[in-house]
Every structure is written in structure tokens, then in C-alpha cells.
Amino acid sequence: MYQSKIAGLGSYVPENVVTNDDLSKLMDTNDAWIQERTGIKERRHIKKGDGNTTAVMGVKAAKIALERSKISKDDIDLIVFATLSPDLYFPGCGVQVQEMLDIDTCPALDVRNQCSGFIYALSVADQFIKTGMYKNVLVIGSENHSGGLDFTDRGRSVSVIFGDGAGAAVLTRSNHIGQGILSTHLHSEGKHAMELSLKGPSTLHWVPEIIAENPQGDDIPYYPYMNGQFVFKNAIERFSEVIHEGLTANGLEVKDINMLIPHQANLRISQFIQKKLDLSDDQVFNNIQKYGNTTAASIPIALTEAWEQGKIKEGDLVVLAAFGSGFTWGSAIIEW
Ligand code: UT7
């Protein structure tokens, strides 16, 4: 049995900064409400014509991660791409990335696990490396939310939260057992699938039917629906549960954590977890203030920033944790 480690990290966010004040010109919202309820000050949105798409941003992040890993794109054995906002209904972004990076015929797959997407993707990559089937895996999380949000009063409780961006990690076989990904723990609870969902366009909600059934456009299934308070309550329970699960499986305790990178869902959720686990400010990394919630991209963007800022050093115990639509949740325990 082998062990995997992260050999390189990269991230990319579009240049276009959208502040809370910018949003208040589009809908009935304000900076005070958004900051108080979510901690978000601004986010990035793709600007029409800037060339960015979910796959393109993923490629930009991947190029940085590949360069830092010193692993050639030609040595990548598998691409795993996590997103809820793919460029196309099919095929997935993984094969688009493969084409854009000019990688020959390695397998490429997409993971559709929303906010937990990056941890699920990391876990998939880790299993392939552990068994020895593959040595180097490119893992990407990328989202283009701004293209699919309702920027009217009707969508304000959802659209102020989400932002665009991408993050990537190159995983490789670790030469030292004990260094790298120690474990991943994944969960889902499908009975809450509709509490945070986007129904159409889909095979159940084709566009012509949507238009025929909603001539006034008052019940539009192709914007996301979120039962915010219900999601919030479940998130704070599941986050701490799955962090404890990962630590216990490795004989570790909360006090051993050097850096917790929670999925950037809402600053209030991160603060709840921090308080519940009794972690200091230095033990938790947040950057939702600048980028909003970038779903599958949020952990790799935050992980990359924490590493770039020297907040993660060799030997550190790094914990990643996420919760989101599905519901799905998970954690990864990493000895850096
Ligand atoms: O990453 C995936 C997982 N997602 C999450 O983890 C999100 C979890 N949930 C949340 O973060 C919070 O529930 C929200 C930030 C989405 C909402 O915060 P809340 O404290 O639960 O607010 P609420 O939905 O209960 O709304 C409170 C009030 C309502 O007005 P009334 O009924 O009290 O008059 C809303 O209409 O705030 C109003 N409101 C807004 N006001 C200004 C909702 N959205 C906005 C807005 N600006 N953007």
C-alpha cells in the first residue's frame, strides 16, 4: 500500500471584483447585511469576454500547481475535476482540461459533489495512488457561479454568497510513509438533496417545458434553491463530526491540528466550528471575505493561499473539511 502527498498547489480567480455595494445596485441588499450574516466583503465574477470558463480557470490553477510540483503534465496518470457548474452538460470539464493542457490519453473524470467536491476528488485520487494503480493525479475544483445566479431581489439570499474561481493540487506517491494524506472520510445523506439544489435544465426540467410551465417566470427551477438556515444547522454539526472522525481514525486530537481549512461556506459557520473545537485564530484559515463561497474551488484556493503565506510548513497537521449540497460532507487529514 502506498501513500499520497500533495506535491504542488495552485489557484486562480477572475480579475473582476464585485463588492457588496456593487450587488446592492442590482438587488435589495446591503453591505451590512452581507457582512453580518456571511462575513463576505467581495467576490470575483467572470466578466463576459475575459475568456474564463469553469474549465479554463481550472487549467490556469492546474498550470501553477504543475509547475510547483515539478511534475510534467505528461506524467499525469489521472485528472479528477470537481464542479457543480461545468461548461457543458456533457462531456465533463476533466476532458476539456486534458485537451487544453495537451495531455495525451490519461483517464479524466468529473466529480459532482458540490461544496464537498474537492474532498471527494482528493479522496478518489488518494485511493488510486494508495493501490499503486496511478502515481500522479491532477485534482481540480473550479466554479463559474456568476453565470447561473439570480441577481434580482428574488435570488438575493443565494446570489450574494457565491463567487467564481479555481484551485488545483497535484498528488503524487509519497516516499515517506506517514507523510501525506493520512485519511479521508466521506458521507452523504440524500434525503436532504432538495434543500440545496438546482433542478433544471435537466432531464426532468427541459428548457421548453420550464418556459411553458412558468410563463411569468415566477418559479424558475434553473436558479439554485437553498434552505439557508437548515443547511447552516446541518453544516455546523457535520463539520465537527467529520473532523473528529478523521482525527480519531488516526489516533489524533483537536490539539494536534496546526491548520484547519474549512470549506468557505459562510464565515459564521467557520467561526462556529472554531469555537466548538476550541481552536485558536492561528489554527483556522479563512478567505471567504475576499472570494465568497466558491464551492468545489474554496478549499484548494484557501489551501494554496495558506501555503503561499507560509502558514503551512513541513510536518504540520493540516485538516480539510467540507459540507454542502447532497447533503455531502467529508474531511481529509494530512501530514504536510
Ligand atoms: O456552501 C454550501 C452550503 N451553504 C451554506 O452553508 C449556507 C448556509 N446558510 C447561510 O449561510 C445563511 O442561512 C444565509 C447567509 C444564506 C442566510 O442567513 P440567515 O441568517 O439564515 O438569514 P435568513 O434567510 O433567515 O433571512 C433573514 C432576513 C429575511 O428577511 P425577514 O423575513 O426577516 O424580513 C430575508 O428576506 O434577511 C433577508 N435577506 C436579505 N436581506 C438583505 C435574505 N437575503 C438577504 C440579502 N440582503 N441578500
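Select Pro201. In this predicted model, Pro201 sits in the loop between strand 9 (196-197) and helix 7 (207-213). Now look one residue back. The peptide bond from Gly200 to Pro201 is cis, with omega near 0°.

Next, go to Pro91. Pro91 is in the loop between strand 4 (78-82) and helix 4 (93-100). Here too, check the bond that leads into the proline. The peptide bond from Phe90 to Pro91 is cis, and omega is near -5°. Most peptide bonds are trans, and most residues other than glycine have a negative phi.

Keep phi in mind for the next two stops.

Select Lys70. Its phi is near 60°, a positive value in a residue other than glycine. Lys70 belongs to the loop between helix 3 (54-69) and strand 4. Is Lys70 buried or exposed? Its relative accessibility is 75%, so Lys70 counts as exposed.

Jump to Thr295. Phi of Thr295 is positive as well, near 50°. Find Thr295 in the loop between helix 10 (288-291) and helix 11 (298-308). Thr295 counts as buried because its relative accessibility is 1%, and the cut-off for buried is under 20%.

Now turn to the sheet. Select strands 1, 7, 6, 4 and 5. These five strands form an open sheet in the order 1-7-6-4-5, with mixed pairing. Which strands lie at the edges? Strand 1 (4-12) and strand 5 (108-111) do, and each pairs on one side only. Look along the sheet to see the twist: on average 20° from one strand to the next.

Zoom in on one pair. Strand 6 (residues 136-143) and strand 7 (residues 165-173) run antiparallel, joined by eight bridges. Pick Ile140 and look across: Ala168 in strand 7 stands opposite.

Add helix 3 to the view. Helix 3 packs on the sheet and touches strand 1, strand 4, strand 6 and strand 7. The direction of helix 3 makes about 130° with that of strand 1.

Then show helix 5 (residues 117-131). Helix 5 also packs on the sheet, touching strand 1, strand 4, strand 5, strand 6 and strand 7. The direction of helix 5 makes about 170° with that of strand 6.

Last stop: colour the chain by pLDDT. The protein chain averages 96, and 99% of the residues score at least 70. Which element has the lowest mean pLDDT? Helix 7 does, at 74, while strand 4 has the highest, at 99. Where pLDDT is low, the predicted coordinates should not be read in detail.

Conventions. Residues are numbered from 1 along each chain as its sequence is written. This is a predicted model: local features need pLDDT of at least 70, side-chain atom pairs count only at pLDDT 80 or more; totals for chains, interfaces and linings use all residues. Side-chain values use heavy atoms; hydrogens and water are left out. Helices (H or I, at least four residues) and strands (E, at least two) are DSSP runs, numbered from the N terminus. Buried means under 20% relative accessible area, exposed over 50%, partly exposed in between (1.4 Å probe, protein chains only). pLDDT is the predictor's confidence in each residue, from 0 to 100. Two strands pair if DSSP finds at least two bridges between them. Axes are lines fitted to C-alpha atoms, for helices over the stretch in contact, and angles run from 0 to 180 degrees between N-to-C directions. Contact means heavy atoms within 4.5 Å.
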